[in-house]
Amino acid sequence: MKKKISIVGLVLLLIFSFSGCGKKAEDKPVYDKEAMTANVERIVETFREMTDEDFQVFEDMPDVQLTMTMVTADLPIEGEDFLSMIEAWKAGVIECGEIREIKDYNFEELKSGAVVTLDTEFEERNGEIVVKFDEKMNMESMTVNADYSMGEILEKAGLNTILGMGTVFAVLIFISFIIYLFKYIPVLEAKFSRKPKTTTEAKTTTTKVVEEVEETADDEELIAVIAAAIAAAEGTSTDGFVVRSIKRRKTNRW
């Protein structure tokens with residue numbers, strides 16, 4: 001009896017195992033390698049024949065019109081992705097030159113999507129064009145990778161190092177110059193702090209001058225009054241004498 005139960009359990013386990021494997025196989029996308037490679041070949045040949053004016057026409061298109069153009073051309077790509085591929089193509093031409101020959105097509109499945117790689121000979125150097133597809137076999141992006149020699153790699157590394165060190169030294173020199181200017185800050189502060197004193201001195205001098213003018217005017221009025229009083233007491237006019245000075249007594253009781 002126990003033996004029969006064990007056999008039944010083993011059979012059920014095998015059934016579930018096979019059903020699980022079948023489900024995973026069904027969930028895994030099936031890619032049409034030939035169709036995807038043909039689409040990559042079409043897009044590359046189209047880019048090779050296009051001029052800068054042609055590229056500009058696509059870049060100026062509205063999004064809806066561009067998407068409809070891709071559908072009409074039977075290219076599995078969104079309008080926005082097509083524009084990004086144009087930019088990648090332009091950058092690749094600047095870096096590597098025009099295409100001379102496409103040597104081989106390589107297809108590789110990824111965890112999410114697939115990649116078609118073209119081993120390419122350009123005018124300047126060899127490289128590869130990489131086109132990525134999603135799980136629905138729609139083209140997502142294009143990348144142009146150049147093959148650099150060891151000398152070119154070392155040259156770029158050296159230039160990057162020099163540029164980085166030059167930037168650091170330039171910043172340090174600028175900071176040193178700012179620190180050097182700090183010694184002039186107290187001088188400027190002292191210069192600006194003297195201005196209120198000068199203004200105060202000018203106000204004081206002006207006040208003194210005004211007071212002197214007022215005192216002089218008061219003395220003239222007093223002289224005129226005294227001269228008139230003397231003339232009245234003597235019964236004469238003020239033309240017969242001149243009051244030259246007035247001295248005030250310290251103990252003035254009147």
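A salt bridge here is a side-chain nitrogen of Lys or Arg within 4 Å of a carboxyl oxygen of Asp or Glu. Lys 132 and Glu 140 form one, with their closest N and O atoms 3.2 Å apart. The model is predicted. By the rule just given, the count comes to four salt bridges. The points below cover three of these pairs, one helix packing and two single residues.

**Salt bridges**

- Side chains of opposite charge can pair when their charged atoms come close.
- Lys 132 is partly exposed, at a relative accessible area of 26%. Its partner Glu 140 is partly exposed too, at 30%.
- Glu 45 pairs with Arg 48, and the closest N and O atoms are 3.5 Å apart. Both residues lie in helix H2, three residues apart, or about one turn of the helix.
- Glu 45 has a relative accessible area of 30%, so it is partly exposed. Arg 48 also counts as partly exposed, at 33%.
- Lys 90 and Glu 59 meet through their side chains in a salt bridge of 2.9 Å, N to O. This pair links distant parts of the chain. Lys 90 is in helix H5 and Glu 59 is in helix H3 (residues 52-60), 31 residues apart.
- Lys 90 is partly exposed, with a relative accessible area of 25%. Glu 59 is partly exposed at 24%.

**Packing of H2 and H5**

- Helix H2 packs on helix H5 (residues 79-96) at an angle of about 60 degrees. Their axes are 12 Å apart.
- The two helices are therefore oblique to each other. The crossing of H2 and H5 is right-handed.
- On the H2 side, Ile 43, Val 44, Phe 47 and Arg 48 make the contact. On the H5 side, Phe 82, Met 85, Ile 86 and Trp 89 make it.
- The residues of this contact divide into seven nonpolar, no polar and one charged.
- Arg 48 thus appears twice: in the contact with H5 and in the salt bridge with Glu 45.

**A buried residue in H2**

- Asn 39 lies in helix H2, which spans residues 33-49.
- Asn 39 is buried, because its relative accessible area of 15% is under 20%.
- Leaving aside neighbours within four places in sequence, Asn 39 is in contact with Asp 74, Pro 76 and Met 139.

**An exposed loop residue**

- Lys 111 sits in the loop between strand S1 (99-109) and strand S2 (114-122).
- Its relative accessible area is 89%, so Lys 111 is exposed.
- Lys 111 and Glu 135 are 24 residues apart in sequence. In space they are 9.2 Å apart, C-alpha to C-alpha.

Key: Residues numbered from 1 in each chain as written. Predicted model: local features only at pLDDT ≥ 70, side-chain atom pairs only at ≥ 80, totals over all residues. Heavy atoms only, no water. Helix = DSSP H or I, 4+ residues; strand = E, 2+ residues; numbered from the N terminus. Buried < 20%, exposed > 50% of the residue type's maximum accessible area, 1.4 Å probe, protein only. Contact = heavy atoms within 4.5 Å. Axes fitted to C-alpha atoms, helices over the stretch in contact; angles between N-to-C directions. Parallel < 35°, antiparallel > 145°, perpendicular 65-115°, else oblique. Left-handed = near helix turned anticlockwise from the far one by under 90°. Nonpolar A, V, L, I, M, F, W, Y, C, P; charged D, E, K, R; others polar.
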